[in-house]
Amino acid sequence: MQTPPQAIQVRNLRIAPPLLLAPMAGLTHSALRQVMCGFGGVGLLSTEMLSARRLPTENPRVSPCLIRAETERPLSYQLMTSTCKEIAPAIEKLHAFGADAVDLNMGCPSPSVCRLGAGATLMEQPDQVRLILAEARKRTLLPLTAKIRLGIELDPGKLKTFCSMLEDEGIDMLSVHARFKHESFARRPRWEHIARIREQLKIPVVANGGIFSVQDAETCLRVSGADGLMLGRGAVIRPWLFAEIARNLFGDDIMMPTVSLPKVYSDFLAGLKERYRPVYRLGRLKEFTRYFARNYKFGHYLTSKVQSSSSIDEARERAWTFFETTERSRPMATNTTE
Ligand SMILES: Cc1cc2nc3c(=O)[nH]c(=O)nc-3n(C[C@H](O)[C@H](O)[C@H](O)COP(=O)(O)O)c2cc1C
């Protein structure tokens with residue numbers, strides 16, 4: 001494999017290594033970002049999608065999507081909107097929060113988002129997108145990025161025209177989730193389609209979808225020719241995956257600590273307890289556990305025990321019982337996938 005790109009430069013932001021965290025609702029909040037930062041290797045962190053309409057009235061010290069620690073840097077904020085009218089006040093807020101980049105969600109296929117005319121629907125509304133981008137470009141000097149899917153269905157000409165429009169309207173970097181709008185996560189991502197977009201644009205193109213290991217990252221880079229990679233679920237299951245990829249593919253001399261799964265879980269819990277109001281903790285723990293439990297052969301047991309807990313203390317106790325039983329039956333501490 002050719003030497004992968006070492007960094008992405010977009011305006012004043014240097015993304016090194018070119019490994020990005022995917023925005024994920026209910027998951028990419030401060031508690032998880034902090035765990036990832038502890039391992040290293042993340043070039044650009046992300047919030048989950050933020051409603052541009054609601055953002056101006058949210059309190060960043062309380063809102064679970066906005067809470068952040070100073071160490072979570074650089075951090076991109078993702079906006080979900082369908083109209084240019086919401087852009088100015090939302091971006092003003094993002095400046096106040098110290099955003100390092102502003103991302104626009106044009107790929108979310110969820111019916112609740114698409115009904116609003118936002119997310120993946122925007123790929124069908126190029127004129128609307130032009131207005132949103134013109135307004136956003138006018139309001140910020142920060143890197144302005146977009147995240148898309150491959151479109152509704154296979155239509156290379158349409159996708160090409162849409163991506164060129166994004167570039168012409170001032171998008172600085174494009175992340176592509178290599179699936180069509182209605183394709184489920186079970187389907188193999190179509191990384192080869194990203195190669196065509198990459199060839200056509202001058203701005204950096206980041207490949208997203210289905211990267212769960214160093215091997216996946218290597219294959220994705222080779223097939224897509226992308227300038228960087230964006231990790232979603234793989235980095236939730238294994239928050240140390242960035243560090244592994246950075247070390248193995250990008251030559252970072254990150255020390256790979258031996259990973260203790262109970263410690264990762266307990267660090268995540270500590271982050272929730274430290275920064276979130278009680279009402280916001282349990283749901284986030286349940287959501288994280290659904291992914292993290294995949295590190296264990298009998299992880300579904302951990303998931304169901306945590307899912308049926310009615311308080312965070314009960315969930316923690318049940319998780320601990322699971323860890324004690326499981327860890328006793330196998331040598332702990334793996335520093336890679338299992
Ligand atoms: C629970 C969940 C929430 C997500 N929320 C968002 C979101 O807020 N904004 C967005 O652009 N994509 C969102 N996505 C899509 C991811 O950013 C990413 O494109 C997708 O998971 C594919 O990458 P992966 O295979 O590495 O997970 C979400 C995905 C999941 C699983």
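In this predicted model, an N or O atom in the side chain of Lys-147 lies 2.8 Å from an oxygen atom of the ligand. Two further residues make contacts of this kind, and the table sets out the three distances.

| Residue | Part of the residue | Distance to a ligand oxygen atom |
|---|---|---|
| Lys-147 | N or O atom in the side chain | 2.8 Å |
| Arg-233 | N or O atom in the side chain | 2.6 Å |
| Met-49 | backbone N or O atom | 3.2 Å |

Taken alone, the ligand exposes 610 Å², and the protein buries 91% of that area. The space that the ligand takes up is the largest pocket. Around the ligand there are 19 residues, of which Pro-23, Gln-78, Asn-208, Gly-210 and Arg-233 come nearest.

**Asn-105 and its contacts**

Two of the residues in the table, Met-49 and Lys-147, are also touched by Asn-105. Asn-105 belongs to strand 6, which covers residues 101–106. Its relative accessible area is 7%, so Asn-105 is buried. Met-49 is 56 residues away from Asn-105 in sequence, yet their C-alpha atoms are 7.2 Å apart in space. Leaving out residues up to four places away in sequence, Asn-105 also touches Gln-78, Leu-79, Met-80, Gly-119 and Leu-122. A polar atom of the Asn-105 side chain lies 3.1 Å from the backbone nitrogen of Gly-107.

**Thr-28 and Leu-75**

Thr-28 sits in the loop that runs between strand 3 (19–21) and helix 1 (30–39). Is Thr-28 buried or exposed? Its relative accessibility is 1%, and therefore Thr-28 counts as buried. The Thr-28 side chain reaches the backbone nitrogen of Met-24 at 3.0 Å. Not counting residues up to four places away in sequence, Thr-28 touches Leu-21, Ala-22, Pro-23, Arg-33, Ser-46, Thr-47 and Glu-48.

Leu-75 is part of strand 5. With a relative accessible area of 0%, Leu-75 is buried. Apart from neighbours within four places in sequence, its contacts include Arg-33, Ser-46 and Thr-47, and these three residues are also among those touched by Thr-28. Leu-75 is in contact with Leu-44, Leu-45, Arg-68, Ala-99, Asp-100 and Ala-101 as well. Between Leu-75 and Glu-92 there is a separation of 17 residues in sequence and 16 Å in space, from C-alpha to C-alpha.

**Glu-70, a residue on the outside**

Glu-70 is in the loop between strand 4 (45–51) and strand 5 (75–80). Its relative accessibility is 60%, so Glu-70 counts as exposed. The side chain of Glu-70 makes a polar contact with the side chain of Arg-73, at 3.5 Å. Glu-70 and Ser-260 are 190 residues apart in sequence, and their C-alpha atoms are 25 Å apart in space.

**Backbone angles**

Most peptide bonds are trans, and most residues other than glycine have a negative phi. Where does the backbone of this model have cis peptide bonds? One cis bond joins Arg-73 and Pro-74, with omega at about -15 degrees. Pro-74 lies in the loop between strand 4 and strand 5, the loop that also holds Glu-70. Another cis bond joins Ala-16 and Pro-17, with omega at about -5 degrees. Pro-17 is found in the loop between strand 2 (13–15) and strand 3.

Arg-11 is not a glycine, but it has a positive phi of about 50 degrees. Arg-11 is located in the loop between strand 1 (8–10) and strand 2. A relative accessible area of 38% makes Arg-11 partly exposed. Gly-225, just after helix 7, takes a positive phi of about 65 degrees.

**Helix 6 and helix 7**

Helix 6 spans residues 191–200, and its buried residues are Trp-191, His-193, Ile-194, Ala-195 and Ile-197. These buried residues pack against helix 5 (156–168), strand 8 (173–177), strand 9 (205–208) and helix 7 (214–224).

Which residues of helix 7 are buried? They are Val-214, Ala-217, Thr-219, Cys-220, Leu-221 and Ser-224. Their cover includes helix 6 and strand 9, along with strand 10 (228–231) and helix 9 (241–249). Strand 9 thus appears on both lists: buried residues of helix 6 pack against it, and it helps to cover the buried residues of helix 7.

How values were computed. Residues are numbered from 1 along each chain as its sequence is written. This is a predicted model: local features need pLDDT of at least 70, side-chain atom pairs count only at pLDDT 80 or more; totals for chains, interfaces and linings use all residues. Side-chain values use heavy atoms; hydrogens and water are left out. Buried means under 20% relative accessible area, exposed over 50%, partly exposed in between (1.4 Å probe, protein chains only). Helices (H or I, at least four residues) and strands (E, at least two) are DSSP runs, numbered from the N terminus. Contact means heavy atoms within 4.5 Å. A polar contact is a pair of N or O atoms within 3.5 Å; within protein, one must be able to donate a hydrogen and the other to accept it, and residues adjacent in sequence count only if both atoms are side-chain atoms. A residue is near a molecule or strand if one of its heavy atoms lies within 4 Å of it. Accessible areas come from the Shrake-Rupley method with a 1.4 Å probe; for residues, only the protein chains shown count as cover. On a 1 Å grid over the protein atoms alone, a cavity is a set of points where a 1.4 Å probe fits but cannot get out, and a pocket is an open set with protein on both sides within 12 Å along at least five of seven lines; lining residues have an atom within 4 Å of a point. A molecule sits in a cavity or pocket if more than half of its atoms lie within 2 Å of its grid points.
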